[in-house]
Amino acid sequence: MRGCYVALEGVEGAGKSTVGRAVAARLRKRGFDVVEVREPGGTPLGEEIRRLLLHADEMTPWAEAMLFAAQRAQLVAEVVAPALEDGAWVVSDRSYYSSLAYQGDARGLGVEAVRKVNEYAVGGVVPDLVVVLDVDPGRGLARQGDVDRIGGQGLEFQRRVAEAYHRLAEAEPSRVVVVTADAGPDELAEQVVALAEARCG
Ligand code: TMP
């Protein structure tokens, strides 16, 4: 049986990584094989591309979008698709939907154009469920750890990203779900697992 591909999304400081780890732990307790990945990154090539994406001095918006798509192509081929074929669950810290929100919408490249590029990159391997952890962008920025090139774009940019996620959820309600991130990580993880079981079970 094919596994289930769950992605956590949100603005900077939404708590995706902590909730993702709690989701993976919960699923393992239930006896599932779980592979945890992060974007950008998750493969040796992807981690090199991550360094460029987050720390290069100059990059045009399309160069940025293409590098996100490139690291994703590698991650899907090398890790995600084989894990799903083996019946594992994949819990991903960000996904394709980050590119739609950040590059497509907030950077202004156009959601449909960025979607098209990423469709070539992933060949149909898209998350079964995307949970957007919804925090106030200002609160998220205040909680942000290391500030990188994209996380340092400021509050207005983060607001555009947050609005983009809401629009994506309205457009694809069966796949993209916004969850208010006020609860603690364990409670949020429980909500994510329930949503994932309903979607993939
Ligand atoms: P992280 O902070 O979750 O590690 O993500 C790194 C940064 O990259 C974050 O500012 C969001 C951004 N990003 C995009 O702009 N597009 C993408 O497709 C992905 C995966 C991340």
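User: Where does the ligand sit?

Analyst: The ligand sits in the largest pocket. Keep in mind that this is a predicted model.

User: How much space lies in the largest pocket?

Analyst: About 750 Å³ of space lies there.

User: Which residues lie nearest the centre of the largest pocket?

Analyst: Start with the lining. It counts 33 residues. Those nearest the centre are Glu12, Lys16, Arg50, Arg94 and Asp148. Next, look at the classes. The lining of this pocket has 12 charged, 13 polar and eight nonpolar residues. Then look at the elements. At least two lining residues come from each of α1 (16-29), α2, α3 and α4.

User: Now the ligand itself. How many residues surround the ligand?

Analyst: To read a shell, take the residues with a heavy atom within 4 Å of the ligand. Here, 16 residues surround the ligand. The closest are Glu12, Arg72, Arg94, Ser99 and Gln103. By class, the shell has seven charged, five nonpolar and four polar residues.

User: Which element gives the most to the shell around the ligand?

Analyst: That is α4, with four residues. The helices α2 (44-55), α3 (61-85) and α4 (96-106) each supply at least two shell residues.

User: How do I read polar contacts to the ligand?

Analyst: Look for pairs of N or O atoms within 3.5 Å. Three side chains show the idea. A side-chain N or O atom of Glu12 lies 2.6 Å from a ligand oxygen. For Arg50, the distance from a side-chain N or O atom to a ligand oxygen is 2.9 Å. Gln103 pairs with a nitrogen instead: a ligand nitrogen is 2.8 Å from an N or O atom in the Gln103 side chain.

User: How much of the ligand's accessible area does the protein cover?

Analyst: Compare the ligand on its own with the ligand in place. On its own, the ligand has 480 Å² of accessible area. The protein covers 92% of that.

User: What about cavities? How many of 30 Å³ or more does the structure hold?

Analyst: A pocket is open, while a cavity is a space a probe cannot get out of. This structure holds one cavity of 30 Å³ or more. About 30 Å³ of space lies in the largest cavity.

User: Which residues line the largest cavity?

Analyst: The lining is Gly10, Val11, Val132, Leu133, Asp134, Ala162, Tyr165 and His166. Two elements give two or more residues to this lining: β4 (129-134) and α7 (155-171). By class, the cavity lining has five nonpolar, two polar and one charged residues.

Key
Residues are numbered from 1 along each chain as its sequence is written. This is a predicted model: local features need pLDDT of at least 70, side-chain atom pairs count only at pLDDT 80 or more; totals for chains, interfaces and linings use all residues. Side-chain values use heavy atoms; hydrogens and water are left out. A polar contact is a pair of N or O atoms within 3.5 Å; within protein, one must be able to donate a hydrogen and the other to accept it, and residues adjacent in sequence count only if both atoms are side-chain atoms. Accessible areas come from the Shrake-Rupley method with a 1.4 Å probe; for residues, only the protein chains shown count as cover. On a 1 Å grid over the protein atoms alone, a cavity is a set of points where a 1.4 Å probe fits but cannot get out, and a pocket is an open set with protein on both sides within 12 Å along at least five of seven lines; lining residues have an atom within 4 Å of a point. A molecule sits in a cavity or pocket if more than half of its atoms lie within 2 Å of its grid points. Ala, Val, Leu, Ile, Met, Phe, Trp, Tyr, Cys and Pro count as nonpolar, Asp, Glu, Lys and Arg as charged, and the others, Gly among them, as polar. Grid points are joined across faces, edges and corners, and a volume is the space filled by probe spheres set on the points.
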